[in-house]
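Colleague: I would like to learn how to read the features of a model like this. Can we take them one at a time?

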Amino acid sequence: MDPPKPNLSMNRYPFILICIAFVIAGVMISARMKEASGEGAVAFTNVRLIDGTGKPPVDGGVLVFRDGKIIAAGAGVDIPRKARVIDAKGRVIMPALIAAHSHLGVLKGPKPDSANVTEENVLRQLALYGKYGVGTVVSLGADGDFIYKLRDARRDKPSDGPAVLTAGLGFGATGGVPPMGSGLERAHRPATAEEARQQVAALAEHKPDFVKIWIDDAGGNLPVRMTREVRRAIIDEAHRHGIKVAAHVYYLSDAKELVAEGVDILAHSIRDKVVDEEIIMAMKQRGTTYIPTLFLDEAFFIYADKPQWMGNDFFRNALEPGVEENLASFKERPGARETLGRAMENVKRLHEAGITVGLGTDSGAQPLRVQGFGEHRELLLLVQAGLTPTEVIRIATGNSARIIGHETRTGTLEVGKQADFLILDGDPTVDIRNTEKIREVWIGGKKQ
């Protein structure tokens, strides 16, 4: 009898496993050596560093990042040996802005139209936001289904440009807000609580970042409002799926009801009355956050004043085609100045009470709510409302990241966060208008 032949295939397995182990170990050692040496890292030095946490700026600061993530930030930090060092003396670095209430794709020229909501148009507008230093855009309520794939792609490759968060299609009332012809009319409009739950459940399959509801009557201009039964069902069903709810709001009475019903974000200012202790305490107890969108209210009258900045490129380059020509015939809305005054008083009261305030403008919903420019104008309006520039920067960065649930990813210049930042030629803690002096925008560690 012949002796049994050795099973060569079985004998190869230990050798193959050993080879794989050596390869893995080699890769890990190489990665550690690269990390230790700082190969691939970029370090900006000698900057005035504003980190977005509300702390005072750091002079002589250093910001170091690798592979799109911050690995060091502050004064006296060690710079990796092989890092590319860029002396940015005289410059200021702050986190990229977060636009926590915007709309994408609705505009393409001087009139909003739902037909404009295409991937091509959305990408064009995201590029504009990026040029104006906005690193994250939250689109609330009129997006096509393509937005989910785009959102995921930007999440996986942040260096492609501003991140996108979406509410998909929001929820309104038939015959009410959002009105037909607004460009936002594709909203769900459930007639009953059961229908509302079904529509929220279907929306949840797309994993939207928020659910958006419109609940008012457009200042008394529309005869129909979303019923409390329907909106309660929307809020409850959204929370059952782990999704935050952002509400379009105007009246103090509506805001009180919404907070009691568990809404997460009041996505506009309360503008009919001055906020009282009742709603302040309710918002604090519930953890309700607030996005004042002051520029929305200013846009109803400011163009009639023909301010000097209307002739500046910073404004004009952000306009949709054909909008500038229409400004010559602009007429202000009666009562708009008083409305903005109440909104400014309310945001100051809520901020001082400890309510988390974020940055949003409703930019992109109407032609004069100018994308990119509007976010910077909002910063100035918040300062004019009585907040300090440092507080306003925190609102536009760290606070907004927390409101949208991205506080571990972006919003502040801290180790482990994404390298989303602006390089400025002026200090916005001295004059908030210096956020407009943008020299460079970096998103995901890549210069845009």
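**Pockets, a sheet and some backbone details**

Modeller: Start with the second largest pocket: α12 gives the most to its lining, with 3 residues. Helices (H or I, at least four residues) and strands (E, at least two) are DSSP runs, numbered from the N terminus. This is a predicted model: local features need pLDDT of at least 70, side-chain atom pairs count only at pLDDT 80 or more, and totals for chains, interfaces and linings use all residues. Residues are numbered from 1 along each chain as its sequence is written, and side-chain values use heavy atoms, with hydrogens and water left out.

Colleague: Which residues line the second largest pocket?

Modeller: First, the idea. On a 1 Å grid over the protein atoms alone, a pocket is an open set of points where a 1.4 Å probe fits, with protein on both sides within 12 Å along at least five of seven lines; lining residues have an atom within 4 Å of a point. Here the lining is Trp309, Asn312, Phe314, Phe315, Phe373, Arg377, Leu380, Arg433 and Glu436. Both α9 (313-316) and α12 (373-384) supply at least two of the lining residues.

Colleague: How many of the residues in this lining are nonpolar, polar and charged?

Modeller: Ala, Val, Leu, Ile, Met, Phe, Trp, Tyr, Cys and Pro count as nonpolar, Asp, Glu, Lys and Arg as charged, and the others, Gly among them, as polar. The second largest pocket has 5 nonpolar, 1 polar and 3 charged lining residues.

Colleague: What is the volume of the largest pocket?

Modeller: A volume is the space filled by probe spheres set on the grid points, which are joined across faces, edges and corners. For the largest pocket that gives about 950 Å³; for the second largest, about 150 Å³. The largest pocket has 38 lining residues, and Leu296, Phe300, Arg333, Gln366 and Arg369 lie nearest its centre. Two or more lining residues come from each of β9 (210-214), α8 (294-298), α10 (323-326) and α11 (336-352). By type, this lining holds 19 nonpolar, 12 polar and 7 charged residues.

Colleague: Now the sheet. What is the order of its 3 strands?

Modeller: Strands of a sheet pair through backbone hydrogen bonds, either parallel or antiparallel. Two strands count as paired if DSSP finds at least two bridges between them. Here the order is β6-β7-β8, in an open sheet with parallel pairing. At the edges are β6 (97-102) and β8 (163-166), each pairing on one side only. Strand β7 (residues 134-139) is joined to β8 by 4 bridges. One bridge partnership links threonine 136 with alanine 163 in β8.

Colleague: Which strands does α12 touch?

Modeller: Contact means heavy atoms within 4.5 Å. Axes are lines fitted to C-alpha atoms, for helices over the stretch in contact, and angles run from 0 to 180 degrees between N-to-C directions. α12 packs on the sheet and touches β6 and β7, at about 100° to the direction of β6.

Colleague: Where is aspartate 362 found? Is this residue buried or exposed?

Modeller: Buried means under 20% relative accessible area, exposed over 50%, partly exposed in between (1.4 Å probe, protein chains only). Aspartate 362 is in the loop between α11 and α12. Its relative accessible area is 5%, so aspartate 362 is buried. Its phi is positive, about 65°, although aspartate 362 is not a glycine.

Colleague: Which peptide bond is cis?

Modeller: The bond joining valine 177 and proline 178 is cis, with omega about -5°. Proline 178 sits in the loop between β8 and α4 (193-204).
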